[in-house]
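User: Could you help me learn how to read the empty spaces inside a protein model? I would like to see the general idea and then the case at hand.

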Amino acid sequence: MNHGPLIVLVTLAATGIYTMVGQMVPQKEVWPPKPIDTSKLESLDAEQLAAVGKTIFEPGGKGKCSECHYAGSRFPNLLNIGAEAGTRKPGYSDVDYISESIYEPNAFIVPGQNPGMPVINKPPIGLNDKEIKAVIAYIQSRGGTPTVTIATKLKYESAAGSAPAEEAGAPHAPRTPAQILSDFACATCHNLDKPDKLAGPSLFDVGQRLSKAEIYESILEPDAKIAAGFAPGMMAPMLKGGGFYDKVRAGELQALVEFLAAKKGK
């Protein structure tokens, strides 16, 4: 008996079902964070500035803060940090402590916590001083009262500069995750479509193994946590040498993390 026509019909039917189901599943689009018009922040009081800082801090915001600072993550939960910040380091006010934690994140590590937080006033996150003051005001409001305004002088402010690198450089159309992976030759060390290991771990199922916060950390601080069987000190020089941290924008990084988080090995 010739089963060829039956096989073709079954294949077509299965393809049609998968296509229909795929169209029924909501498709998530990843957009870059909305830009902050920092020229309008000078007139805001501390409470109003904290409201702006919340949009930077929370999911979808430019700062990516909530990706790592939540209950059960590898980094401190900041739920009540406004009340605790002034007690963390002797001689430091809450503003001193919070600003140092942002500009110099490895200067003081909370006991029991891990190093590895990226410096957020540098690419690819690249918050400027005004945006950082808004974030500080919001962090103060979590369990405390915001006091920071744009007029507040921070110890690290002059060294940080007033604008992130991505605002100073020539604009370019946002790249897709596939373009970023190609531009920086990620497939040279990471298998994207198979579980086979290369010089680095396979990214075929990275979304099964790592949370979004851990994926961010693996990109921004590659040596903070090394996968078993791999040597430290390899990925960071390649990314820095290729200009990844200077060229990839915050929105592009966000889309890349979303893309990798969706890779479940199927």
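User: Which residues lie nearest the centre of the largest cavity?

Analyst: A cavity is a space where a probe fits but cannot get out. In this predicted model, H69, P76, L78, S101 and M117 lie nearest the centre of the largest cavity, out of 33 residues that line it. Among the elements, α4 (94-103), α5 and α10 (212-220) each give two or more residues to that lining. The largest share, four residues, comes from α4.

User: What is the volume of the largest cavity, and what classes of residue make up its lining?

Analyst: Its volume is about 510 Å³. The lining has 23 nonpolar, seven polar and three charged residues.

User: How many cavities of 30 Å³ or more does a search of the whole structure find?

Analyst: The search finds two. The second largest has a volume of about 30 Å³, and its lining includes E58, K64, Y216 and Q254. By class, that lining divides into two nonpolar, four polar and three charged residues.

User: Back to α5: why is it described as largely enclosed by the rest of the structure?

Analyst: Look at burial, meaning under 20% relative accessible area. Eleven of the 13 residues of α5 are buried, so the helix is largely enclosed. Among the buried ones are D129, K133, V135, I136 and Y138.

User: What can I look for at the two ends of α5?

Analyst: At its start, a side-chain oxygen of N128 comes within 3.2 Å of the backbone nitrogen of K130. Just after the helix, G143 has a positive phi of about 100°.

How values were computed
Residues numbered from 1 in each chain as written. Predicted model: local features only at pLDDT ≥ 70, side-chain atom pairs only at ≥ 80, totals over all residues. Heavy atoms only, no water. Buried < 20%, exposed > 50% of the residue type's maximum accessible area, 1.4 Å probe, protein only. Polar contact = N/O pair within 3.5 Å; in protein donor to acceptor, adjacent residues only side chain to side chain. 1 Å grid on protein atoms, 1.4 Å probe; cavity = no way out; pocket = protein on both sides within 12 Å on 5 of 7 lines; lining within 4 Å. Points joined across faces, edges and corners; volume = space filled by probe spheres on them. Nonpolar A, V, L, I, M, F, W, Y, C, P; charged D, E, K, R; others polar.
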